[in-house]
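Student: Can we go through this one together? I'd like to see how the labels follow from the numbers.

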Amino acid sequence: MAYPSAAPSSPPRQPSVKVILTSADLQRVVDRIAHQILEKTQGAADTVLLGIPTRGAPLASRLAARISAFEGISVPVGVLDITLYRDDLRRNATRAVGPTQLPAGGIDGKRVVLVDDVLFSGRTVRAALDALGDLGRPASVQLAVLVDRGHRQLPIRADYVGKNIPTALAESVKVTLVETDGTDEVRLYGEEAR
Amino acid sequence: MIRHLLSGADLDADTATQILDTAAEMAAVAGREVKKLPALRGRTVVNLFYEDSTRTRISFEAAAKRLSADVINFSAKGSSVAKGESLKDTALTLQAMGADAVVVRHPASGAPHRLADWVDGSVVNAGDGTHEHPTQALLDAYTMRSRLGRLAGLSVAVVGDVLHSRVARSNVLLLSTLGAKVTLVGPPTLIPVDIAAALAPGTDVCYDLDAVLPSSDVVMMLRVQRERMNDSYFPSAREYARRYGLDGPRMGRLPEHAIVMHPGPMNRGMEITPEVADSPRSTIVEQVANGVSVRMAVLYLLLGGNNR
């Protein structure tokens with residue numbers, strides 16, 4: 001004897017995922033930022049690109065490669081780990097510290113362009129500015145990000161933005177890069193996917 | 001992450017490697033314009049030293065200060081301990097003052113373990129009696145890794161007064177966790193029976209230094225504790241130096257790449273000749289510098305996050 005079937009369950013909710021930038025889009029965006037850096041810095045003289053791990057570091061290398069392809073100049077690239085300067089260290093389990101590598105010429109008197117994947121609260125950039133201050137005295141500091149998703153909690157803005165994505169606070173933006181994740185893509189996840 | 005660092009056995013291979021990797025990043029701070037990181041701002045580290053110590057206390061103090069922690073130095077001499085206060089009462093006093101970490105050196109083996117039960121903060125063993133000194137083992141491992149590029153598969157000879165050496169015990173525990181092979185070398189009177197098997201399986205004991213040298217990647221000389229020389233562990237200082245001291249000809253028997261270590265303070269002419277101590281193979285000064293980086297890593301990993 002068959003039991004009466006229960007009320008039909010609602011179909012499993014698909015987490016809403018939207019691809020914001022495809023691999024080709026991402027390349028074009030990087031190209032544009034490279035051009036903008038060249039334009040705004042009059043040829044990228046005395047300029048240093050510092051990537052913020054994890055994904056800012058490969059982005060900085062890509063920008064340097066594109067600048068070199070466009071103008072034949074090599075811009076020094078480095079990595080700036082900001083773990084020890086975060087303001088939320090005590091709220092989480094201990095974070096692993098990554099390497100900081102400054103280019104041979106250092107950053108004193110240079111124009112430093114910080115590179116990160118997503119600009120959100122601005123706290124990462126605040127930490128990066130503090131870290132820079134302990135490493136030397138740049139002539140100026142600029143910020144390049146692949147995605148600006150809004151919701152700033154500090155008075156910080158980017159000089160170069162790949163794409164502005166209006167988001168809800170509960171949504172999340174995920175950047176994947178070939179160097180770190182195997183594919184180039186930027187995706188926006190809805191609330192239920194978190 | 002672990003809460004206390006009391007013994008070399010508290011660390012599994014992953015945690016120990018994480019400490020060494022973090023120490024490598026901390027070492028970069030020493031070469032910077034501002035030799036300070038804000039990671040432990042507002043945290044208090046108490047150095048509680050019941051025994052004389054120069055390098056360990058200064059090393060911990062420098063490490064805590066470079067991470068922006070507040071440091072309180074407490075030495076038993078000239079303190080309430082001289083008036084007869086017990087370790088527990090001292091611990092409760094430190095607790096009431098809000099110590100986030102207590103770095104303790106004590107002549108009694110096991111004192112840091114007791115202390116860990118009494119205080120809420122993290123306890124770091126900076127040497128207890130003849131028992132353990134885990135941060136020394138970590139800085140030794142760090143030094144070996146940075147000089148030789150690896151730890152797994154290394155042959156390490158630990159030579160001298162193993163009986164009284166907390167450095168030896170912690171090193172055997174940590175190095176065997178990290179895959180190195182340790183041989184304890186010294187006169188039979190200074191190597192406890194069965195110590196090798198009790199500490200870590202795979203550890204060897206040998207009473208002949210010359211037999212061990214040709215196959216050693218690292219020779220770690222232990223300090224002969226002169227205050228114990230009258231206890232007839234060996235006939236005379238000269239005989240000890242002749243059989244177990246590291247001099248130029250003996251150093252020549254080591255493989256080309258091998259390094260010579262010593263935890264300090266040295267008795268030049270006793271366990272090590274000046275010729276060896278000042279040679280490029282000796283890592284003795286490096287060990288001191290690495291000590292600060294390793295202790296920064298330990299303090300950061302114990303106190304940096306919300307690990308309670």
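Tutor: Sure. Bear in mind that this is a predicted model. Start with two helices of chain B: the axes of helix 2 (residues 55-66) and helix 12 (residues 284-303) come within 8 Å and cross at roughly 55°.

Student: What makes helix 2 of chain B oblique to helix 12 of chain B?

Tutor: Set the angle against the cut-offs. Under 35 degrees would be roughly parallel, and 65 to 115 roughly perpendicular. The crossing is at roughly 55°, so helix 2 of chain B counts as oblique to helix 12 of chain B.

Student: And what is the hand of the crossing of helix 2 of chain B with helix 12 of chain B?

Tutor: Helix 2 of chain B passes helix 12 of chain B in a right-handed crossing.

Student: Which residues of helix 2 and helix 12 of chain B meet?

Tutor: From helix 2 of chain B, they include B:Phe60, B:Ala63 and B:Arg66; among those from helix 12 of chain B are B:Val288, B:Gly291 and B:Leu299. The contact divides into eight nonpolar, two polar and three charged residues. Gly counts as polar here, so B:Gly291 goes with the polar ones.

Student: Let's turn to the sheet. What is its strand order in chain B, and is the pairing parallel or antiparallel?

Tutor: It's an open sheet of five strands in chain B, ordered 7-6-5-8-9, with parallel pairing. Strand 7 (204-206) and strand 9 (259-261) of chain B are the edge strands. The twist from one strand to the next averages 25°.

Student: How do you know that strand 8 of chain B pairs with strand 9 of chain B?

Tutor: Pairing needs at least two bridges. Strand 8 (residues 218-221) and strand 9 of chain B are joined by three, so they qualify as a pair. In one of the bridges, B:Met220 has B:Met261 in strand 9 as its partner.

Student: What packs on the sheet, touching strand 8 and strand 9 of chain B?

Tutor: That's helix 5 (residues 134-148) of chain B, whose direction makes about 165° with that of strand 9 of chain B. Over 145 counts as roughly antiparallel, so the helix runs roughly antiparallel to strand 9 of chain B.

Student: Where does chain A come in?

Tutor: Chain A has 16 residues in contact with 17 of chain B. On the chain B side, helix 1 (residues 13-29) gives the most, with four residues. Chain A itself has four helices and eight strands.

Conventions
Residues are numbered from 1 along each chain as its sequence is written. Chains are lettered from A and ligands numbered from 1 in the order in which they are written. This is a predicted model: local features need pLDDT of at least 70, side-chain atom pairs count only at pLDDT 80 or more; totals for chains, interfaces and linings use all residues. Two residues are in contact if their C-beta atoms, placed from the backbone, lie within 7 Å. Axes are lines fitted to C-alpha atoms, for helices over the stretch in contact, and angles run from 0 to 180 degrees between N-to-C directions. A crossing is left-handed if the near helix is turned anticlockwise from the far one by less than a right angle, and right-handed if clockwise.
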